[in-house]
Each structure stands twice: as structure tokens, then as C-alpha cells.
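User: Hello! I am new to this structure and would like to get to know it through a few questions. Could you walk me through it?

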There are 2 protein chains.
Amino acid sequence: MSAQAPHNTLLIPGPIEFDDAVLQSMSHYAESHVAPGFVKVFGETLTLVRKLFQSTNPTAQPFIISGSGTLGWDLVSANLIERGENALVLNTGYFGDSFGQCLETYGANVTHLKTPIGDRTPLEEVEAALKEKSYKLITLTHVDTSTGVLSDVKGVAQLVRRVSPDTLVVVDGVCSVGSEEIAFDEWDLDAVLTASQKAIGCPPGLSIVMTSGRAIQAAQSRKTPPGAYYASIANWLPIMQNYENNKPSYFATPPTQLVHALHTTLTQITADVPGRFAIHTEVSDKVKAAAAELGLKQLAARPECQAHGMTAMYLPEGLVPADVLPGLLKRGVIFAAGLHKEIATKYIRFGHMGVSVTDPKLGHVDNALAALKEALAEAKQAKGL
Amino acid sequence: MSAQAPHNTLLIPGPIEFDDAVLQSMSHYAESHVAPGFVKVFGETLTLVRKLFQSTNPTAQPFIISGSGTLGWDLVSANLIERGENALVLNTGYFGDSFGQCLETYGANVTHLKTPIGDRTPLEEVEAALKEKSYKLITLTHVDTSTGVLSDVKGVAQLVRRVSPDTLVVVDGVCSVGSEEIAFDEWDLDAVLTASQKAIGCPPGLSIVMTSGRAIQAAQSRKTPPGAYYASIANWLPIMQNYENNKPSYFATPPTQLVHALHTTLTQITADVPGRFAIHTEVSDKVKAAAAELGLKQLAARPECQAHGMTAMYLPEGLVPADVLPGLLKRGVIFAAGLHKEIATKYIRFGHMGVSVTDPKLGHVDNALAALKEALAEAKQAKGL
């Protein structure tokens with residue numbers, strides 16, 4: 001029995017439903033951010049982030065900072081690239097556009113490689129772009145929350161190392177970390193930024209960034225000072241190193257309750273990282289098969305481009321999200337409407353991550369699929385379709 | 001009876017002890033950040049921030065953003081001043097130094113007016129400085145957490161309006177909002193930045209900034225784009241306006257649980273804002289009288305320079321914080337060591353804010369004063385003083 005108040009099941013691509021223990025950690029009593037108890041928890045949480053990324057390289061460095069996932073873009077843009085340097089954005093939707101704007105704010109020259117909705121950037125196009133100009137960094141959205149498109153992070157990273165080895169590989173993993181495989185060291189990535197509230201299963205409010213030794217080196221060998229103060233790697237690096245070495249340190253007050261919640265969920269997740277990816281794949285396959293059976297096509301047409309923590313599905317011709325979402329809500333299930341502005345009224349999004357996936361006893365996914373079937377039938381009937 | 005797990009009483013100048021209802025709000029079940037229920041709560045919370053600042057001017061604009069108090073410095077420095085413009089920092093300790101660094105990161109020319117430890121900047125010095133150069137903005141730390149010095153915000157604001165009316169008046173209220181009087185409209189302030197975890201009585205993780213119409217105008221009439229992306233007023237302004245008008249809006253995912261907790265505490269505080277300041281003054285007077293009786297001198301020598309939410313006290317000659325803090329802890333009370341680097345080993349800090357002050361039945365302050373008396377006697381005896 002859950003200790004949580006009765007509520008509709010939140011199955012959007014983040015925030016997601018919480019495990020009871022995680023939510024209980026949020027109401028931890030008041031603690032000093034520099035007291036031994038909290039210093040230990042924060043230090044351990046940083047070490048758990050390494051485990052989450054399957055990283056053992058001691059030059060890699062995790063950051064946990066009070067902020068939304070968006071703050072990770074500033075951490076990258078204000079530290080890893082300088083005014084006038086080139087950035088290549090593999091743009092698979094809404095979040096590629098925004099990351100590009102953030103990079104431009106800090107003076108980068110941004111080139112977007114745009115792909116049709118539902119597809120990922122072909123490696124040949126990336127290779128051609130990399131051969132045309134010298135890029136300080138390349139960014140890709142691992143899972144685009146607006147479309148459910150999964151990018152080929154491993155393939156892009158391999159390509160970059162072959163064609164342009166000094167280019168930093170930056171992954172927006174807000175909607176992937178915790179549900180999609182990421183082998184940070186093995187894939188030789190330079191920065192993966194994410195947030196607490198999606199597949200990591202913690203309430204929103206933490207920006208989590210994993211960086212390579214190469215990225216830290218780039219930040220430390222800048223010719224110009226960092227472009228931001230709160231998002232400055234130079235300001236946070238000693239803090240993270242000290243906490244992980246069990247020493248209190250101060251730059252800004254960490255959100256102690258959220259850090260406790262992150263500690264709880266990462267302890268659960270890192271008990272079996274490959275198992276976590278496997279179950280997300282298994283449940284995703286089930287959702288996608290059920291959607292196909294209902295005649296719903298995914299935005300991401302090709303299976304290799306389909307995320308495992310969410311499914312973005314076109315509605316049948318003649319229906320808009322407002323025809324279907326209320327029918328789901330009536331059955332206790334919350335999905336999200338479309339977000340990609342060109343086609344927002346044509347599709348809905350189902351987030352299947354975290355406890356809703358790992359704890360089948362909750363029945364979240366089965367109930368959602370049953371509710372979807374009924375709500376669709378109801379909507380079609382109402383529209384005479 | 002509190003629902004909280006037994007723990008030592010946290011009486012540092014933030015984070016502080018929580019009211020049970022506030023802490024319970026932290027474990028609110030999962031919610032979409034754009035669902036009607038949360039949109040309403042976020043919108044109301046913004047309106048409560050106006051009440052907290054005793055502001056009714058519709059051109060004033062509150063911001064509530066996921067981040068630490070430090071992020072407020074970026075919001076000011078990246079939006080209200082442009083590269084090459086002048087900023088005057090009234091520097092009463094650690095936090096004036098850091099705010100200056102933040103302003104410099106975004107290209108401001110910073111002049112510090114430093115005062116001896118424990119004192120506030122004399123108005124004549126401020127006036128002389130304002131007459132010497134044209135300043136885009138002036139910053140002052142309302143209560144310097146490192147020293148417990150209270151600045152004369154009203155006096156400085158009046159002076160600025162008389163001598164240099166276009167200069168923006170920016171107040172670092174991280175350690176003052178909720179325990180010191182601030183009349184935002186009446187005092188004609190332009191920006192007050194604060195954080196959730198001090199006298200506001202919410203867990204850490206929210207940057208809260210109140211801005212005037214004049215400040216918004218300055219941000220909107222910049223000749224150059226804002227210096228930051230996550231800390232950009234242009235990016236957040238429509239979001240805050242939409243939520244307060246009960247419309248969902250997205251720039252970055254808000255920390256839903258923390259917003260619920262802020263809503264709960266601000267509902268409590270704004271039920272009687274003048275009463276809140278009065279009780280903080282009353283309890284502060286009691287603490288300061290008790291400290292004097294124990295022979296402890298404050299860093300802020302003059303009464304008008306003494307904060308009402310904390311007391312920074314010199315230890316007797318021969319004692320350092322490590323002689324006294326363990327004796328307090330043994331008695332269930334947590335004070336903070338010194339923070340101002342020149343004299344950090346010579347003093348301790350006692351935070352008396354929020355529920356520890358407003359709910360005398362908890363006995364926090366009385367117990368702390370008794371514990372301080374015993375711990376001091378014990379430490380003196382151990383040192384043969």
C-alpha cells in the first residue's frame with residue numbers, strides 16, 4: 001500500500017510517479033548543508049551518479065546543482081565553448097532549437113543539422129558537417145521529449161572520435177538518463193546533462209551533469225573567463241570534489257531534501273543498472289505493440305529511433321489531444337499532449353519510466369493501455385469516426 | 001507533537017527548522033507542471049510573494065525559479081546591467097565580495113564600498129560615491145549572513161532616489177526576507193533577491209526575486225542581449241505572467257514539490273506580515289540581551305546594525321567555535337561557526353528565524369540560550385579560563 005494520497009497516475013514524459021521511499025526522503029527534517037550527515041549523503045550521491053553513468057574513470061566529474069534541467073545547457077554553453085567558436089547541434093525537435101539558443105547566448109556560432117520530424121540525424125550528414133568546419137562541440141538530444149525520437153549517441157560519439165577527435169560530444173540526456181543505456185566512459189562522451197524528474201524518478205529541482213576529464217580540461221584552459229557565475233564549472237568543481245571527499249564546502253546552499261531524494265532513487269537504480277535498461281525496453285516494446293494494435297503510428301517511425309521511456313503516437317485522423325486526454329483522465333491516467341509546434345494537435349505522449357515500469361504490481365502501464373483503448377473508442381464514437 | 005523524526009534543533013542562519021505542514025508539502029504526489037492543479041498553486045504562490053513584499057504595484061514582478069539564492073545574483077547581473085556599465089556594491093562582508101564577482105562575470109565595472117567588520121556603509125559615503133560616477137545599479141546586502149550586520153535599505157533607497165534617481169536599487173535579501181521589514185513599493189526598491197531556506201521557512205532550492213517595473217523596463221530596453229540563458233528575465237517573464245494568470249507555460253520544469261512547500265509557508269507568513277516582523281524583533285531582543293548577560297559581544301556593535309533573524313557573537317578570548325559548538329550539539333542545538341574569513345575562528349552564529357521564533361511552544365530559543373550558557377561555562381572550565 002502506498003503512503004501517497006490518492007491521485008491520478010502521472011504518465012507523461014516527466015515528471016513521473018515516485019517510489020514511496022523517494023517521496024518520503026523529500027520531507028527529511030532540517031539539516032545544515034555543511035554538517036557531517038548531509039556531507040556524507042551528498043558525497044555518496046555524487047558517487048552514485050558515476051555508477052548511474054557506468055563510469056569509473058577518476059578524471060570524469062559529476063555535478064549536482066539546484067536548478068532545472070535547462071541549467072545544464074548553461075553549464076555546457078558558458079564553460080565548454082568560447083565566444084566565436086563553432087557548435088554543431090543535431091536537431092531532432094524542440095529541445096535542439098532551445099539548446100542552440102542557449103549556446104548563442106554565450107557567443108557560440110551554432111549550426112543546426114535539422115531532420116524531418118520523427119527521424120534522427122543520419123551519420124553521413126554528421127560526418128559531412130564535421131569535415132566542413134572545425135567544431136568545438138557537438139550536441140545531440142538523446143531522447144527528444146517532444147517527439148520520442150532516440151538518437152544514436154554511441155554511433156555519433158564513435159564518428160566524432162574518428163573524424164574530429166577534439167570535438168566535445170555533449171548529450172542532452174534529460175529524457176534518457178535512467179531509461180536508456182549510457183556507457184559514459186566506454187562511449188567516450190564529454191558531457192551528459194540531465195534532470196532529476198524523469199527516468200531518475202526524483203522530484204524536479206536538480207540539474208545533474210556528468211563531464212569527462214577532457215571537458216573539465218576545456219573549461220580550465222579557456223582563454224576567456226566562464227560566461228556565467230551560477231553556471232560556472234570553476235565555481236562548482238571544488239565544491240563537488242570536496243563533498244565527494246567528505247569535506248563540507250560552500251558556493252551556494254544545496255537543496256538538501258532533493259539531494260536526499262536523489263540519493264534514495266539512485267541507490268535503488270544503481271543496484272542493477274543493466275536490469276533497469278532491460279525492463280524499460282521490455283515495457284516499451286509492450287506499449288508500442290499495444291499502440292500498433294490500436295492502429296496508432298509513432299512519430300518515430302523506425303524502431304531504432306524509438307525511445308524506451310516514452311511513446312509519442314499520432315492520433316487517428318480527425319481526433320485531437322483534447323478529444324482523448326479527458327477520457328484518459330476520467331480513467332485516472334494522465335498523458336501529455338503534443339509539444340512539437342508543427343504537429344502539436346496531432347499526437348499524444350505516454351511516458352513509461354521509473355517506478356511505473358519497474359514495479360508492475362502498481363499496474364500503471366496495464367491500466368494506461370486499457371484506458372487508452374477505451375478513451376480512443378469513446379472519442380471516435382463521439383466524433384462519428 | 002511534530003510528525004518529524006527526532007533531530008537536533010537547527011539554529012543556524014539558514015536552512016532553518018520547518019513547520020510540519022511545510023515539510024509535508026514536500027512529499028506531494030507527482031503532478032504535471034502544466035496541469036490545472038499545479039498551475040493554480042504556482043500562480044497563487046507568485047501572488048503570495050507580492051504580499052510578502054507588501055507590494056500592490058501591478059508593474060512589479062515576482063520570479064520563482066529552481067535554483068539557490070546565488071542564482072538571484074545572476075538574474076540581476078545578466079539582465080539589469082550591461083557590459084561596461086558601473087555597479088556600486090555596499091560591501092558588508094563575504095556576500096558583497098561574491099555579488100561583486102558575479103557582476104564582473106557579466107561585464108559590469110564594480111566599485112566596492114567596504115566597511116569595517118560589524119558596521120554598515122555610512123550614508124555620507126554612499127552619497128559621495130553616487131556623486132562621483134554614474135551607476136546603473138547599487139547593491140546592498142540587507143543582512144550579511146557572515147556577520148549579522150543589518151543594512152539601512154530604506155535609507156539607502158531614499159538617498160539614491162534623491163541623488164541618482166535612475167540608479168537601480170538591488171537588495172540581497174537572502175538572509176532578511178521573512179524576518180526584516182521590507183516595503184517594496186513604499187521604499188521604491190528595484191530588485192530584492194532571496195532564497196527559500198532562511199526566514200521564509202521552506203527547504204532550499206528556490207531562488208525568489210522581486211523586481212520593479214523600472215527593473216523590468218531596464219531588462220527589456222537593453223542594447224545587448226541578456227548575458228545568460230537560464231538566468232534570463234526575457235525567458236522567465238512570460239512564464240511568471242502566465243502562471244499568475246492561471247495559464248500553463250513552459251520554459252523549464254518548475255520544482256513542483258518545493259513550490260507547494262513555498263505556497264504553504266507563504267500562506268502562513270502573509271496572514272500577518274507586520275506581526276511576523278514584530279515577533280522576530282521581540283525574540284531577537286531577548287537573544288541579544290541574553291548574550292550580553294553572558295558577556296558575549298556582537299559583531300554588529302551598534303543596535304541599528306543588528307539583524308533580527310540572527311546573532312553573530314564573539315566568543316570570550318581564548319575560545320574558538322570548536323570549543324563551544326560540540327557542547328551545544330550535546331544539548332541538541334546546532335549553531336554555526338564564523339564565516340567571515342578574517343575572524344572566522346573568533347565567533348559563532350545563532351539563527352533565530354521562522355517557526356523557531358513564531359512558535360514559542362517549541363522551546364527552541366529558550367533551550368538554545370540555556371544550552372549556550374552551559375556550553376560556554378563548560379568550555380571555559382576545560383580551558384581553565
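**A buried arginine and its surroundings**

Analyst: Happy to! This is a predicted model. A good starting place is A:Arg349, which has a relative accessible area of 9% and is therefore buried.

User: Where in chain A does A:Arg349 lie?

Analyst: A UniProt annotation from an unreviewed entry, "binding site", covers A:Arg349. As for its place in the chain, the residue belongs to a strand spanning residues 347-351, namely β14 of chain A.

User: Which residue has its backbone oxygen 2.8 Å from a polar atom of the side chain of A:Arg349?

Analyst: Leaving aside neighbours within four places in sequence, A:Arg349 is in contact with a set of residues including A:Leu11, A:Met310, A:Phe335 and A:Thr145. The backbone oxygen lying 2.8 Å from a polar atom of the arginine side chain is that of A:Thr145.

User: Which residues of chain A does the UniProt annotation "domain: Aminotransferase class V" cover?

Analyst: The annotated span is 39% helix and 17% strand, and its end C-alpha atoms lie 41 Å apart. According to the UniProt record, an unreviewed entry, the domain covers residues 30-340.

**Where the chains meet**

User: How much area is buried between chain A and chain B?

Analyst: The size of an interface is often given as the accessible area lost when the parts come together. Here the contact takes 52 residues from chain A and 52 residues from chain B. Carbon and sulfur atoms give 65% of the buried area, which is about 3800 Å².

User: How many residue pairs are in polar contact across the interface of chain A and chain B?

Analyst: Salt bridges across this interface number 0. For polar contacts, with both residues at pLDDT 80 or more, the number of pairs is 16.

User: Which element gives the largest share of the side of chain A that touches chain B?

Analyst: By class, that side has 29 nonpolar, 20 polar and 3 charged residues. Helices α3 (71-77), α4 (94-105) and α9 (256-269) of chain A each supply at least two residues to the side touching chain B. The largest share, 6 residues, comes from α4(A).

**Salt bridges and a buried threonine**

User: How many residues apart are B:Asp188 and B:Arg161?

Analyst: These two form a salt bridge, with their closest N and O atoms 3.0 Å apart. B:Asp188 sits in the loop between β8 and β9 of chain B and B:Arg161 in helix α6, so-called distant parts of the chain, at a separation of 27 residues.

User: Is B:Arg161 buried or exposed?

Analyst: Its partner B:Asp188 has a relative accessible area of 28% and is partly exposed. For B:Arg161 the relative accessible area is 17%, so this residue is buried.

User: Why does the pair of B:Glu378 and B:Arg331 tie together separate parts of chain B?

Analyst: The two form a salt bridge in which the closest N and O atoms are 2.8 Å apart. B:Glu378 lies in helix α13 and B:Arg331 in the loop between α11 and β12, so the pair joins parts whose separation in sequence is 47 residues.

User: Is A:Lys361 buried or exposed?

Analyst: A:Lys361 forms a salt bridge with A:Asp359, the closest N and O atoms being 3.5 Å apart. A:Asp359, at 21% relative accessibility, counts as partly exposed. Because A:Lys361 has a relative accessible area of 77%, it is exposed.

User: Is B:Thr265 buried or exposed?

Analyst: B:Thr265 is placed in helix α9 of chain B. Among the residues it touches, not counting those up to four places away in sequence, are B:Val22 and B:Ile200. Its relative accessibility is 4%, so B:Thr265 counts as buried.

How values were computed:
Residues are numbered from 1 along each chain as its sequence is written. Chains are lettered from A and ligands numbered from 1 in the order in which they are written. This is a predicted model: local features need pLDDT of at least 70, side-chain atom pairs count only at pLDDT 80 or more; totals for chains, interfaces and linings use all residues. Side-chain values use heavy atoms; hydrogens and water are left out. Contact means heavy atoms within 4.5 Å. Buried area is the accessible area (1.4 Å probe) that two parts lose on being put together, summed over both. A salt bridge is a side-chain nitrogen of Lys or Arg within 4 Å of a carboxyl oxygen of Asp or Glu. A polar contact is a pair of N or O atoms within 3.5 Å; within protein, one must be able to donate a hydrogen and the other to accept it, and residues adjacent in sequence count only if both atoms are side-chain atoms. Helices (H or I, at least four residues) and strands (E, at least two) are DSSP runs, numbered from the N terminus. Ala, Val, Leu, Ile, Met, Phe, Trp, Tyr, Cys and Pro count as nonpolar, Asp, Glu, Lys and Arg as charged, and the others, Gly among them, as polar. UniProt positions are given in the numbering used here, feature names are shortened, and annotations may be inferred rather than shown by experiment. Buried means under 20% relative accessible area, exposed over 50%, partly exposed in between (1.4 Å probe, protein chains only).
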